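Work through the exercises below with the sequence and the 3D view at hand. Try each task before reading its solution.

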Amino acid sequence: MADSIGCLPVTAAVEQEGPAGDGARHALGQALSEHVAREFNIPGCNWACAMPTAPSSPGSWPSPPPDEPNRYLPGGYPGTRAPHVATGPDRSLLDDFGRDFTLLAFSPDGPDGLEPWRQAAAQYGIRLDVVRSEDGQTRALYGADRVLIRPDHHIAWRGDGAAQPTEVMALALGHRTPPVGPG
């Protein structure tokens with residue numbers, strides 16, 4: 001993209017005042033718009049970057065979002081980007097995610113708390129940050145009580161509090177093949 005956008009002609013007229021400058025800026029804007037349309041609007045390509053990942057809790061295969069290449073639909077589907085949620089002025093939930101894997105926990109802790117998740121990650125030499133949220137709207141957006149976020153901020157897995165952390169980590173890290181889900 002850098003090469004193709006760098007080859008767009010930019011004349012000194014874009015710096016001029018008046019109708020000549022206005023016309024040059026308009027022409028440049030039009031060329032950039034056409035360039036973006038050619039470069040990024042590729043039929044069948046969703047720039048949300050859904051990537052293969054572990055399924056949700058056993059027996060639960062969420063329906064993927066519609067593949068609309070020019071429209072990002074935020075949601076908690078495994079393999080898609082974790083959606084942004086404002087958590088304060090100039091702050092996003094994404095800002096709370098760690099450098100490595102992050103477990104987003106919406107439901108109250110089970111009998112052992114969240115320690116089994118940290119232990120499961122530690123078995124693979126991975127640090128796991130935990131972000132707790134009591135926000136019902138955010139929980140509805142992500143679609144589960146627990147959501148495992150990869151370092152690239154894509155959702156590796158989502159499920160309920162009864163999930164087995166060791167099993168989830170093995171699947172998310174590719175140490176075990178997930179069962180084959182419906183079509």
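**Exercise 1. Pairing around a strand.** Find how S3 and S5 pair, and over how many bridges.

Solution. The model is a predicted one. Step 1: S3 and S5 run antiparallel and are joined by four bridges. Step 2: one position shows this pairing, since leucine 104 has valine 147 of S5 as its bridge partner. Step 3: turn to S6, which is also antiparallel to S5, with four bridges between S5 and S6. Here arginine 146 is placed opposite glycine 159 of S6.

**Exercise 2. The sheet.** Give the strand order of the open sheet of four strands, and say which strands stand at its edges.

Solution. Step 1: the order is S4-S3-S5-S6, and the pairing is mixed. Step 2: S4 (128–132) and S6 each have a single partner strand, so each is an edge strand with one side lacking a neighbour in the sheet. Step 3: on average, and ignoring direction, neighbouring strands of this sheet are turned by 15° against each other. Step 4: add the helix H3, which lies across S3, S4, S5 and S6 and runs at about 155° to S4.

**Exercise 3. Two faces of S5.** Decide whether the residues on each side of strand S5 (residues 146–149) are buried or exposed.

Solution. Step 1: side chains in a regular strand alternate between the two faces of the sheet. Step 2: sort the residues by side, which puts Arg146 and Leu148 on one and Val147 and Ile149 on the other. Step 3: all four are buried, with a relative accessible area under 20%. Both faces of S5 are therefore covered.

**Exercise 4. The cores.** Name the residues of the largest nonpolar core that touch the most other members, and the elements that each supply at least two of its residues.

Solution. Step 1: this core has 16 residues, and those touching the most other members are Phe101, Trp117, Leu128, Leu148, Trp157 and Val168. Step 2: at least two core residues come from each of strand S3 (101–105), helix H3 (115–122), strand S6 (155–159) and helix H5 (165–172). Step 3: a second core, separate from this one, has 12 residues, including Ala82, Leu104, Phe106 and Ala144. Step 4: list what leucine 148 touches, leaving out residues up to four places away in sequence; among them are Phe101, Leu128, Trp157, Val168 and Ala172.

**Exercise 5. Positive phi.** Locate aspartate 90 and histidine 153, and state whether each is exposed or partly exposed.

Solution. Step 1: most residues other than glycine have a negative phi. Step 2: aspartate 90, which is not a glycine, has a positive phi of about 60°. Aspartate 90 sits in the loop between strand S1 (86–88) and strand S2 (91–92). Its relative accessibility is 85%, so aspartate 90 counts as exposed. Step 3: histidine 153 also has a positive phi, near 65°. Histidine 153 belongs to the hairpin of S5 and S6, where five residues lie between the strands. With 25% relative accessibility, histidine 153 counts as partly exposed.

**Exercise 6. The whole chain.** State how many helices and strands the chain has, and what share of its residues is buried.

Solution. Step 1: there are five helices and six strands. Read from the N terminus, their order is α-α-β-β-β-α-β-α-β-β-α. Step 2: of the 183 residues, 34% are buried. Step 3: among contacts with a separation of 6 or more, 64% are between residues 24 or more positions apart. Step 4: the chain exposes about 10,800 Å², with 55% of it supplied by carbon and sulfur atoms.

Key
Residues numbered from 1 in each chain as written. Predicted model: local features only at pLDDT ≥ 70, side-chain atom pairs only at ≥ 80, totals over all residues. Heavy atoms only, no water. Core = buried A, V, L, I, M, F, W, Y, C linked by side-chain atoms within 4.5 Å. Buried < 20%, exposed > 50% of the residue type's maximum accessible area, 1.4 Å probe, protein only. Contact = heavy atoms within 4.5 Å. Pairing = 2+ DSSP bridges. Areas by Shrake-Rupley, 256 points an atom, 1.4 Å probe, with all protein chains shown as cover. Axes fitted to C-alpha atoms, helices over the stretch in contact; angles between N-to-C directions.
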